[in-house]
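User: Please take a close look at the surroundings of one ligand in this model, and set them against the rest of the chain.

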Amino acid sequence: MNISAVRKILLRSLLLLPVVAVTALWAANPDELATLRKSDIAVDTEPQRMPEVENKDVKRTRNYPMQPPTIPHKIDNYTVNLNANKCLSCHDRTLTEQSQAPMVSVTHFMNRDGNFLAQVSPRRYFCNQCHVTQVDAKPLVDNDFQDVDSLLTKPE
Ligand code: HEC
Ligand code: HEC
């Protein structure tokens, strides 16, 4: 590419600058941003109460077979770090008799090549990467997820 071509490109991108600036200004309009908090972005509102974590100890339906089951109990102060894994103190293979918790499934012992390790695989060590608690709260936005079973029975 010669110098004049480069200069042309630079000049053209300079011409675009005002367009970008105006678009950014329009995007930052507070009325447009206030959708989820339901008030003006510049207004301090009373924060809502934090919803309670559900602690009913009842398994929830999985929305598809590969879904990590959601956690049906509280996990406050359950440490998971390099030195300790509170979750495994109940869910590990050797500790489920005592805890009566379901054992982590076999996939948690597999390495990325599909081979089974003797202990929980490092890639399944940080449980909260995939498993989450649920709170008793109204969803902020509608959810139109459809279970695969309802799709299978849906008429064409
Ligand atoms: C004190 C023992 C204990 C600890 C610690 C514990 N759990 Fe549990 N967990 C249970 C028991 C018992 C159940 C069976 C349902 C119930 O009683 O809540 C369960 C159920 C679950 C389930 C539901 C499984 C299913 O099939 O639906 C998940 C997921 C889970 N626990 C993840 C975790 C994670 C992640 C941690 C750590 C942050 C953790 N648990 C810590 C005892 C424990
Ligand atoms: C990378 C994601 C991931 C991580 C990390 C992970 N899990 Fe899971 N877990 C899953 C998925 C997906 C399933 C459901 C399918 C399966 O069994 O693999 C599952 C299933 C489970 C079940 C139900 C087992 C059964 O047979 O019903 C328990 C209990 C569980 N996990 C506990 C844990 C604990 C405790 C940890 C941390 C030591 C952990 N998981 C880490 C993804 C994960």
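Analyst: The shell of ligand 1 comes first below, followed by one residue in it, the other ligand and the whole chain.

This is a predicted model, in which local features need pLDDT of at least 70 and side-chain atom pairs count only at pLDDT 80 or more, while totals for chains, interfaces and linings use all residues. Residues are numbered from 1 along each chain as its sequence is written, and chains are lettered from A and ligands numbered from 1 in the order in which they are written.

Ligand 1 has 20 residues around it, and Asp 57, Pro 69, Cys 87, Cys 90 and Ala 101 come nearest. A residue counts as near if its C-beta atom, placed from the backbone, lies within 6 Å of the molecule. By class, ten residues of this shell are nonpolar, seven are polar and three are charged. Here Ala, Val, Leu, Ile, Met, Phe, Trp, Tyr, Cys and Pro are nonpolar, Asp, Glu, Lys and Arg are charged, and the others, Gly among them, are polar. Helix α3 (residues 88-91) supplies the largest share of the shell, three residues. Helices are DSSP runs of H or I with at least four residues, strands are runs of E with at least two, and both are numbered from the N terminus.

Asp 57 sits in the loop between α2 and α3. Its phi is near 60°, a positive value in a residue other than glycine. Asp 57 counts as exposed because it has 8 C-beta neighbours inside 10 Å; the cut-offs are 12 or fewer other C-beta atoms within 10 Å for exposed, 20 or more for buried, and partly exposed in between, with C-beta atoms placed from the backbone. Asn 77 lies in the loop between α2 and α3 and also has a positive phi near 60°. With 6 C-beta neighbours inside 10 Å, Asn 77 is exposed.

Ligand 2 is surrounded by 20 residues, the closest being Pro 68, Ser 105, Thr 107, Cys 127 and Cys 130. Its shell holds twelve nonpolar, seven polar and one charged residues.

As for the whole protein, five helices and zero strands are present. Of its 156 residues, 3% are buried. The average pLDDT, the predictor's confidence in each residue from 0 to 100, is 86, and 82% of the residues score at least 70. Among the elements, α3 has the highest mean pLDDT (98), and helix α2 (residues 30-33) the lowest (58).
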